[in-house]
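I opened this notebook to record what I looked up in one structure. The entries follow the order in which I consulted it.

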Amino acid sequence: MSIAVVRIGSSHTGDLAGTPLDGDALVLEDERIAWIGTSEEVRPADHRLVVDAAGAGVVPGFIDSHVHVTFGDYTPRQQTVGFLESYLHGGMTRAISASEVHVPGRPTDPAGVKALAVAAERCFRSYRPGGVTVHAGSVILEPGLTDADFAELRQAGVWLAKAGFGAFPDPMGYVPVVQAARQAGLVVMCHTGGGSIPGSQRAIGAEALLAMQPDVAGHVNGGPTAMSDEDNQRVVLEGGDMALQLVQAGNLRSAIDIAHLALEHHQEHRLLLASDTPTGTGMIPLALLRTMAELVSLGPLSPELALAAVTGSVARVYDLPAGRLALGAPADLLVLDAPVGSVAKDWKGALRLGDLPAVAVALTAGELRFARSRNTPPPSRPVTVVHPA
Ligand SMILES: [Zn+2]
């Protein structure tokens, strides 16, 4: 049976303009958004649950495009169990793997990296920790992978690839492999900036990125070490459609610089906000909210643009049906508000002030996952969930 959400305040359907819903209520059924209209039209008795937003905002669930998943809801890097479920309490309803490079003893030969990607993709097909959808199985690009390997991977359901951790002596060595992966239909993210952990590759700057032309310049503000200001400018101006992924576990000064450049040159559609966690920087359940608040309060992003960069823009780059509030879209959404005690009036005002919005309610795949995040402060408004029956 369905779930209705009524008395919605400041909504955002996930596009760049932050277009609000055409109405102040919606109904979720069979894991989809089935109806959008006004609260007066909703009969509570027709629904299993009614979420009364009490004027708080409703937005699509956040999609984090840089999450270091391995297997299960466990990160070996920070030895933490249950991190994905905890990130849901920071608004992340969908995670995209940045490759399973943190698997202890991970393979580096072509047969091994292929097997790892296939296994990870399969393991998360129906496993939704806490209700989070995980797109796992990002093949780590290593020397020796051929066109036939990429065709085989695609056939097996793998559609993500990661450049930057392979045993290429020079970043330019990635160029033909990235092109072969893209040709086979994989979405390729490339490591950007200095090496992230001891033993990892040499720095990847603008020249190598522009030669590779990945779909996504991963942590383009450094992970955690940034490129030069000149390289930032080159990637924004000469990078074509390459997505510019700004991450929490990167360099904030560089993120602000790239956000300014993107806006100045009308490239805001290329901006994605992500966490790049769990990593050495930590396990950060509120990473996306923090990145949004930092780039709105200290940087040039509007709340609308920051929200698009964790919803609709990510969905566009990765060709996912999620990240938007529209009829037929996956029923992944959040009720957001100014946190209790904030001088802001709503979630947008909170971001402008640098306060983290409260995640009052999360619904994923059409199911209520919680009514009150355990990781954010409570909302200012009395958001409630009612069982009409
Ligand atoms: Zn990473």
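The entries below cover a sheet, a metal site, salt bridges and one loop residue.

**Entry 1. Status of the model.** I note at the outset that this is a predicted model.

**Entry 2. The sheet.** I looked up the strand order and found an open sheet of 6 strands, arranged β11-β12-β13-β14-β15-β16 with parallel pairing. The edges are held by β11 (138–140) and β16 (271–274); each has a single partner strand, so one side of each lacks a neighbour in the sheet. I then examined the β11 edge. Strand β11 runs parallel to β12 (residues 160–163), and 3 bridges join the two. S138 has L160 of β12 as its bridge partner. As general background, I recall that strands of a sheet pair through backbone hydrogen bonds.

**Entry 3. A helix on the sheet.** Which strands does helix α7 lie across? I found that α7 (residues 252–264) lies across β15 (243–247) and β16. Its direction is at about 150° to β15.

**Entry 4. The zinc ion.** I asked which residues supply the protein donors of the zinc ion. They are H66 and H68, each through NE2, and D276 through OD, at 2.1 to 2.3 Å from the ion. I wrote the sequence spacing of these donor residues as H-x1-H-x207-D. Are the two histidines buried or exposed? H66 has 0% relative accessibility and is buried. H68 is likewise buried, with a relative accessible area of 2%.

**Entry 5. Salt bridges.** I recorded 17 salt bridges in the structure, and I inspected three pairs individually.

The K114 and E152 side chains form a salt bridge with an N to O distance of 3.0 Å. K114 belongs to helix α2 (residues 110–123) and E152 to helix α3 (residues 147–155), so the pair ties together parts that are 38 residues apart in sequence. K114 is buried at a relative accessible area of 14%, whereas E152 is partly exposed at 46%.

For R290 and E294, the closest N and O atoms of the salt bridge are 3.7 Å apart. Both residues lie in helix α8 (residues 287–297); because they are 4 residues apart, about one helical turn separates them. R290 is partly exposed, with a relative accessible area of 36%. E294 counts as buried because its relative accessibility of 19% falls under the 20% cut-off.

In the third pair, K348 meets E304, with the closest N and O atoms 3.1 Å apart. This pair links distant parts of the chain, 44 residues apart: K348 is in helix α11 (residues 347–353) and E304 in helix α9 (residues 303–308). Both partners are buried, K348 with a relative accessible area of 12% and E304 with 17%.

I also looked for salt bridges that share partners, and found K114, D149 and E152 joined into one network.

**Entry 6. A loop histidine.** Where does H89 lie? It is in the loop between α1 (83–88) and β9 (92–97). H89 is buried, with a relative accessible area of 7%. I listed its contacts, leaving aside neighbours within four places in sequence: L286, V359, F370, R372, S373, R374, N375 and T376.

How values were computed:
Residues are numbered from 1 along each chain as its sequence is written. This is a predicted model: local features need pLDDT of at least 70, side-chain atom pairs count only at pLDDT 80 or more; totals for chains, interfaces and linings use all residues. Side-chain values use heavy atoms; hydrogens and water are left out. Two strands pair if DSSP finds at least two bridges between them. Contact means heavy atoms within 4.5 Å. Axes are lines fitted to C-alpha atoms, for helices over the stretch in contact, and angles run from 0 to 180 degrees between N-to-C directions. Donors are N, O and S atoms within 2.8 Å of the metal (3.2 Å for Na, K and Ca); water is not among the atoms, so sites may look incomplete. Buried means under 20% relative accessible area, exposed over 50%, partly exposed in between (1.4 Å probe, protein chains only). A salt bridge is a side-chain nitrogen of Lys or Arg within 4 Å of a carboxyl oxygen of Asp or Glu.
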